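Ready for a short walk through a protein? Open your viewer, pick a cartoon style you like, and follow the stops below.

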Amino acid sequence: MTGPATAPVPVVLAGARGHGRWHVANIRRLQAAGLVRLAGVCEITPLTEEEFGGELPEQSADLGALLDSTGARIAVICTPIPTHADLALTAAARGVHLLLEKPPAPSYAEFRRMADGIAAAGVACQIGFQSLGSHAVPAIRELIADGAIGELTGIGGAGAWAREESYFRRAPWAGRRRLNGADVIDGALTNPLAHAVATALALGTTTGADDVTAIETELLHANDIEADDTSCVRITTARGHRVTVAATLCAERPDDPYVVVHGSRGRITFWYKQDRVLLQRAGHGPEEYVHGRTDLLENLVAHLTAGAALLVPPAATGAFMRVVEAIRQAPDPAALPPGAWHRVPGESRRVVPGVDALVAAAADSLALYSELGAPWAVPAAASEEVSTR
């Protein structure tokens, strides 16, 4: 399995249920374009044709055996977080290239084991932060470099989402920090709203592990889970600015997440799910742009067939994994008192009154929940600050 690949590139998908259904649809799109061929599906419980929505490729519960039998050149791994590193290394040992779902690992040690093994095997690996395929990311970086908003003073991220209580029962690992002794770290900032963290870091070119100097966390939950569903993190970067990202899965009125870049003479707001950018600066009227996006699997195929640069190699997620590690090492998230949340009638979800405004204020001011006066937040003095040097 060495040498340049030729289209259509044979692909095996590990994990075709849940979010994996998105990958099935995307692989079918690229297959129709002649870029890939779905050669196999790895699932512990085999899919039925009705469930798959058509004729099934070869299936197996053993990823290594399936890669061997199909001759796949790419493995797309969309499996539970604790399995990522081992499955990635199984593929790498066979010379198979990877699209690995985020978060790439539940701890920094597992991330390093996986990334080092992939590098030693000489295979390509793309980490599935789809927002980093947005053409808005380099465009915003260019605006910052050109001084469009003056000196960069900080970056905020806001994610106010809602999830029903059933979301935390979707799998045995959902909403867990650990399962059967293994790290999971399935919290709001590390999984559902991980894109907000990764995108905020990327816009400030804080992507490598050594680009982070310190991390403060405030982790809480309204739902009956181990992990956090309402949390914020503040990252101090080697470049001298701070990145604060606030998130909740208990929003009053869920809305699209965004990242805001603060400058001495303006700001740039990026709604990363929409690829939409709003530039506001002194002496100019507001300017709005909608950018295109490069699909990460398509980019991986282009890398293998035409030498295109990978958009999100493991090294570009080192700073994000420092955040995951800080959250892993932090004290277990605190349960919000019963008076701080309520259930929405008919929706089976929990809401934290006022949290939408707090999320927005954190992104705007770069302050933590406790500093914004949230009565239920961990006091700032008790926030966990983790040095990464």
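**Stop 1: a small enclosed space**

Begin by selecting helix H7 (194-203) and helix H9 (318-329): each of these two helices supplies at least two residues to the lining of the largest cavity. Keep in mind as you look around that this is a predicted model. Of the two helices you have just picked, H7 is the one to colour brightly, as the largest share of that lining, 3 residues, comes from H7.

Now show the side chains of the full lining: Leu 132, Ala 198, Leu 201, Ala 202, Thr 206, Thr 207, Ala 316, Thr 317, Ala 319 and Phe 320. The space they surround has a volume of about 40 Å³. What classes of residue make up the lining of this largest cavity? There are 7 nonpolar and 3 polar residues, and no charged ones.

**Stop 2: the other cavity**

The count of cavities of 30 Å³ or more comes to 2, so there is one further stop of this kind to make. Select Tyr 167, Phe 168, Gly 175, Asp 186, Gly 187, Ala 188, Pro 192, Asp 228 and Leu 249, which line the second largest cavity. About 30 Å³ of space lies inside. Try colouring this lining by class: you should find 5 nonpolar, 2 polar and 2 charged residues.

**Stop 3: the largest pocket**

Next, look at the pockets. Pick Arg 17, His 19, Cys 78, Thr 79 and Trp 173, the lining residues that lie nearest the centre of the largest pocket. The whole lining has 43 residues, and the pocket holds about 1400 Å³ of space. By class, the lining divides into 22 nonpolar, 13 polar and 8 charged residues.

**Stop 4: the second largest pocket**

Go back to Leu 132, which you met in the lining of the largest cavity. Leu 132 also belongs to the lining of the second largest pocket, where Leu 132, Val 137, Pro 138, Arg 141 and Leu 311 lie nearest the centre. This pocket has a volume of about 200 Å³ and is lined by 13 residues. Which helix gives the most to this lining? Select helix H6 (residues 136-145), which contributes 3 residues. Counting by class, the lining has 7 nonpolar, 5 polar and 1 charged residues.

**Stop 5: the open sheet**

Hide the side chains and turn to the strands. Six of them, in the order S3-S2-S1-S4-S5-S6, form an open sheet with parallel pairing. Find the edges: strand S3 (58-60) and strand S6 (125-127) each have a single partner strand, so one side of each is left without a neighbour in the sheet. Looking from one strand to the next, you will see a twist that averages 20 degrees.

Zoom in on one edge. Strand S5 (residues 97-100) runs parallel to S6 and is joined to it by 3 bridges. To see one pairing, select Leu 100 together with Ile 127, its bridge partner in S6.

Then add helix H1 (residues 20-32). H1 lies across strand S1 (9-14), strand S2 (36-42), strand S4 (74-77) and S5, and runs at about 155 degrees to S2.

**Stop 6: two annotated regions**

Colour residues 11-129, where UniProt, in an unreviewed entry, places the feature "domain: Gfo/Idh/MocA-like oxidoreductase N-terminal". Over this span the chain is 40% helix and 21% strand, and its end C-alpha atoms are 19 Å apart.

Give another colour to residues 139-268, listed by UniProt (unreviewed entry) as "domain: GFO/IDH/MocA-like oxidoreductase". Here the chain is 13% helix and 36% strand, with end C-alpha atoms 11 Å apart.

**Stop 7: backbone details**

Finish with three places in the backbone. Start in the segment before S1, where you will find Pro 8. The peptide bond from Ala 7 to Pro 8 is cis, with omega near -5 degrees.

Move on to the loop between S5 and helix H5 (108-121), which holds Pro 103. A cis peptide bond joins Lys 102 to Pro 103, with omega about -15 degrees.

Last, select Asn 180 in the loop between strand S8 (178-179) and strand S9 (182-183). What is the sign of phi at Asn 180? Although Asn 180 is not a glycine, its phi is positive, at about 55 degrees.

How values were computed:
Residues are numbered from 1 along each chain as its sequence is written. This is a predicted model: local features need pLDDT of at least 70, side-chain atom pairs count only at pLDDT 80 or more; totals for chains, interfaces and linings use all residues. Side-chain values use heavy atoms; hydrogens and water are left out. UniProt positions are given in the numbering used here, feature names are shortened, and annotations may be inferred rather than shown by experiment. Helices (H or I, at least four residues) and strands (E, at least two) are DSSP runs, numbered from the N terminus. On a 1 Å grid over the protein atoms alone, a cavity is a set of points where a 1.4 Å probe fits but cannot get out, and a pocket is an open set with protein on both sides within 12 Å along at least five of seven lines; lining residues have an atom within 4 Å of a point. Grid points are joined across faces, edges and corners, and a volume is the space filled by probe spheres set on the points. Ala, Val, Leu, Ile, Met, Phe, Trp, Tyr, Cys and Pro count as nonpolar, Asp, Glu, Lys and Arg as charged, and the others, Gly among them, as polar. Two strands pair if DSSP finds at least two bridges between them. Axes are lines fitted to C-alpha atoms, for helices over the stretch in contact, and angles run from 0 to 180 degrees between N-to-C directions. Contact means heavy atoms within 4.5 Å.
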